[in-house]
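Reader: I'm new to this one, and I'd like to go through it slowly with you. Could you put it up, so that we can both look at it?

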Amino acid sequence: MSYYVYIVRCKDNSLYTGFTLNIENRIDDHNFTKRGAKSLRGKVPVTLVYSEIFESKSEALKREIEIKGWRKEKKEDLIKYAT
């Protein structure tokens, strides 16, 4: 089983970092269902701009927390240099 940490860009250009087992389903949740993150309501549609894959849930959650603690500029650099 793989675990993913992802960053999406919202329609207001803000960034949201999350964790999931299935990126495609999670993006659909954010964009089309009420199962998406409450903090994204009114900011959809979102677009996937970055992701990382992990083999363990604990590694993925640690990375998610790390990225969430970064300023937007550092997240933008991660996105820019990963492409």
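Author: Let me begin with a rule that we will need for the rings: the rings of Phe, Tyr and Trp pair if their centres lie within 6.5 Å, and planes under 30 degrees apart count as stacked, over 60 as edge-to-face and the rest as tilted. Please keep in mind throughout that this is a predicted model.

Reader: Okay, so by that rule, how many aromatic pairs are there?

Author: The count by this rule comes to 2 aromatic pairs. One of them is formed by Tyr-3 and Phe-19, whose rings are stacked, with 6.0 Å from centre to centre and 10° between the planes.

Reader: And where do Tyr-3 and Phe-19 lie?

Author: Tyr-3 belongs to strand E1, which covers residues 3–9, while Phe-19 belongs to strand E2, residues 15–20, so this pair ties together parts that are 16 residues apart in sequence. Tyr-3 is buried, at a relative accessible area of 15%, whereas Phe-19, with 22%, is partly exposed.

Reader: What about the pair of Tyr-6 and Tyr-16, is it stacked or tilted?

Author: That pair is tilted, since the angle between the planes of Tyr-6 and Tyr-16 is 50° and the centres are 6.4 Å apart. Tyr-6 is in strand E1 and Tyr-16 in strand E2, so here the pair ties together parts that are 10 residues apart in sequence. Both Tyr-6 and Tyr-16 are buried.

Reader: Let me step back a bit: in what order do the elements run from the N terminus?

Author: Starting at the N terminus, the order is β-β-α-β-α-α, and in total the protein has 3 helices and 3 strands. Its radius of gyration is 12 Å, close to the 12 Å that the globule rule gives for 83 residues, so the protein is as compact as a globular protein of that length. The C-alpha trace spans about 30 × 30 × 20 Å along the principal axes.

Reader: What share of the residues is buried?

Author: Of the 83 residues, 41% count as buried. As for the outside, the accessible surface comes to about 5400 Å², and carbon and sulfur atoms make up 51% of that area.

Reader: And the contacts, how much of them comes from residues 24 or more positions apart?

Author: Among contacts with a separation of 6 or more, residues that are 24 or more positions apart account for 56%.

Reader: Switching to charges, how many positive and negative side chains are there?

Author: There are 17 positive and 12 negative side chains, and the centres of these two sets are 7 Å apart.

Reader: I clicked on Arg-26; is it buried or exposed?

Author: Arg-26, which sits in helix H1 (residues 23–32), is buried, because its relative accessible area of 19% falls under the 20% cut-off. Setting aside neighbours within four places in sequence, Arg-26 is in contact with Tyr-6, Thr-20, Arg-35, Gly-36 and Ala-37, and Tyr-6 is the residue that we met in the tilted pair with Tyr-16.

Reader: Last topic, the backbone: which residues does the cis peptide bond join?

Author: The cis peptide bond joins Val-44 and Pro-45, with omega at about 10°, and Pro-45 is placed in the loop between H1 and strand E3 (47–54).

Reader: And what is the phi of Asn-13?

Author: Phi of Asn-13 is near 75°, which is a positive value in a residue other than glycine. Asn-13 is located in the loop between E1 and E2, and with a relative accessibility of 37% it counts as partly exposed.

Terms used: Residues are numbered from 1 along each chain as its sequence is written. This is a predicted model: local features need pLDDT of at least 70, side-chain atom pairs count only at pLDDT 80 or more; totals for chains, interfaces and linings use all residues. Side-chain values use heavy atoms; hydrogens and water are left out. Helices (H or I, at least four residues) and strands (E, at least two) are DSSP runs, numbered from the N terminus. The radius of gyration is taken over C-alpha atoms; the globule rule is 2.2 Å times the number of residues to the power 0.38. Buried means under 20% relative accessible area, exposed over 50%, partly exposed in between (1.4 Å probe, protein chains only). Contact means heavy atoms within 4.5 Å. Accessible areas come from the Shrake-Rupley method with a 1.4 Å probe; for residues, only the protein chains shown count as cover. Lys and Arg count as positive and Asp and Glu as negative; His and the chain ends are not counted. The place of a charge is taken as NZ of Lys, CZ of Arg, CG of Asp or CD of Glu.
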